[in-house]
Amino acid sequence: MKNLEKYVIVLFLALGLMWSCDSDDDLEGSDDTTPPGALSNIAIQDTLHGGLVFSYNLPADKDIYYAKIQYTRNGELIEQKASYLSDNIKVEGIPDAEMREYTLIAGDLAGNESEPVTFSAACKTPPHWLAYQSADANADFGGALLSWQNESEDWVYLKIAYVNPKTGSEVEQTYKKNGMEETVAFGNFWEAENSFSYYFTDRYDNQTTVETTS
């Protein structure tokens, strides 16, 4: 009886192993070398401050598995994927409002990929550039005020550097803000006008140029 029980257990384990191997083979689609059709009806669904949302139609291939988009950001090739359950890809962290190329590709379970479709687009002004372009510096009692506007209301980081006139040491300060209108006060009882430099970054570490006041 015990031998029979052992035989049944071994038989079930063997069947389970065979099913697992067959499933893996099906998932990998090792015999499939036919690429899926290309994505179609590609359009910009939303234009964001520093972002874009691309919508598309997936090809009719039964084993379609994903769509992906490729583009260059700060000299680096960026790739994002979306599953076959989605009909759009959201791209964020675009560093500027320049026109750039986006390549969209469909892929299947076996890793075959479609012919690429290239689409040119530009986003709205990113939040860190909104802040930089509207920044206004004014003297304040014993220091300075820096004001800016950011209609996106996404997070920006203000980086300020100046030399403390009393100690001669350099001071660096960072302010994280996401309001539509913001003002920060800094400086520590300066006895006279004092120059400082500043720039803005976004949450993706994209950076504006450095501005120096005199």
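This report walks through a predicted protein model, from its overall make-up down to a few individual residues.

**Ground rules**

Residues are numbered from 1 along each chain as its sequence is written, and side-chain values use heavy atoms, with hydrogens and water left out. Since we're looking at a predicted model, local features need pLDDT of at least 70 and side-chain atom pairs count only at pLDDT 80 or more, while totals for chains, interfaces and linings use all residues.

**The big picture**

The protein chain has 2 helices and 14 strands. Those are DSSP runs numbered from the N terminus: helices are H or I with at least four residues, and strands are E with at least two. Of its 214 residues, 36% count as buried. Here, buried means under 20% relative accessible area, exposed means over 50%, and partly exposed is in between (1.4 Å probe, protein chains only).

Contacts tell us how the chain folds back on itself. A contact means heavy atoms within 4.5 Å. Taking the contacts with a separation of 6 or more, residues 24 or more positions apart account for 57% of them.

As for the outside, the protein chain exposes about 13,000 Å², with carbon and sulfur atoms supplying 49% of that. Accessible areas come from the Shrake-Rupley method with a 1.4 Å probe, and for residues only the protein chains shown count as cover.

**Charged pairs**

Side chains of opposite charge can pair when their charged atoms come close. A salt bridge is a side-chain nitrogen of Lys or Arg within 4 Å of a carboxyl oxygen of Asp or Glu. The whole structure holds 6 salt bridges. Here are some of them:

| Acidic residue | Basic residue | Closest N to O distance |
|---|---|---|
| Glu-113 | Lys-68 | 2.9 Å |
| Glu-92 | Lys-90 | 3.7 Å |
| Asp-154 | Arg-203 | 3.4 Å |

Take the pair of Glu-113 and Lys-68. Glu-113 sits in the loop between strand S6 (100-108) and strand S7 (117-121) while Lys-68 is in strand S3 (residues 64-73), so this pair ties together parts that are 45 residues apart in sequence. Lys-68 counts as buried at 7% relative accessibility, whereas Glu-113 is partly exposed, at 31%.

Then there's the salt bridge between Asp-154 and Arg-203. Asp-154 is in the loop between strand S9 (143-149) and strand S10 (156-163) and Arg-203 in the loop between S13 and strand S14 (211-212), so the two tie together parts 49 residues apart in sequence. Asp-154 is partly exposed at 22%, and Arg-203 is also partly exposed, at 41%. What's more, Lys-90, Glu-92, Asp-154 and Arg-203 are linked in a network of salt bridges.

**A buried acid without a partner**

Asp-202 belongs to strand S13 (residues 196-202). It is buried yet has no salt bridge, and the nearest side chain of opposite charge, Arg-203, is 7.2 Å away. (For charge, Lys and Arg count as positive and Asp and Glu as negative; His and the chain ends are not counted.)

So what does the side chain of Asp-202 reach? One spot is the backbone nitrogen of Asp-205, at 3.1 Å. The backbone nitrogen of Tyr-204 also lies 2.9 Å from a polar atom of that side chain. Leaving out residues up to four places away in sequence, Asp-202 touches His-128, Trp-155 and Tyr-157.

His-128 brings us to helix H2 (residues 127-134), where Pro-127, His-128, Leu-130, Ala-131 and Tyr-132 are buried. The cover over these buried residues of H2 includes S9, S10, S13 and S14.

**Inside and outside**

Tyr-102, in strand S6, is buried with a relative accessible area of 0%. Beyond its neighbours within four places in sequence, Tyr-102 has contacts that include Leu-52, Phe-54, Val-91 and Phe-119. Gln-70 is 32 residues away from Tyr-102 in sequence, but 5.7 Å away in space, C-alpha to C-alpha.

Tyr-84 is another story: it is partly exposed, at 43% relative accessible area, in the loop between strand S4 (76-83) and strand S5 (88-92). Together with Tyr-65, Leu-85 and Leu-109, Tyr-84 forms a nonpolar patch on the surface, with about 420 Å² of accessible area. Patches are made of residues with over 30% relative accessible area and no salt bridge, joining like charges within 9 Å and nonpolar side chains (Val, Leu, Ile, Met, Phe, Trp, Tyr) within 5 Å.

Key: Polar contact = N/O pair within 3.5 Å; in protein donor to acceptor, adjacent residues only side chain to side chain.
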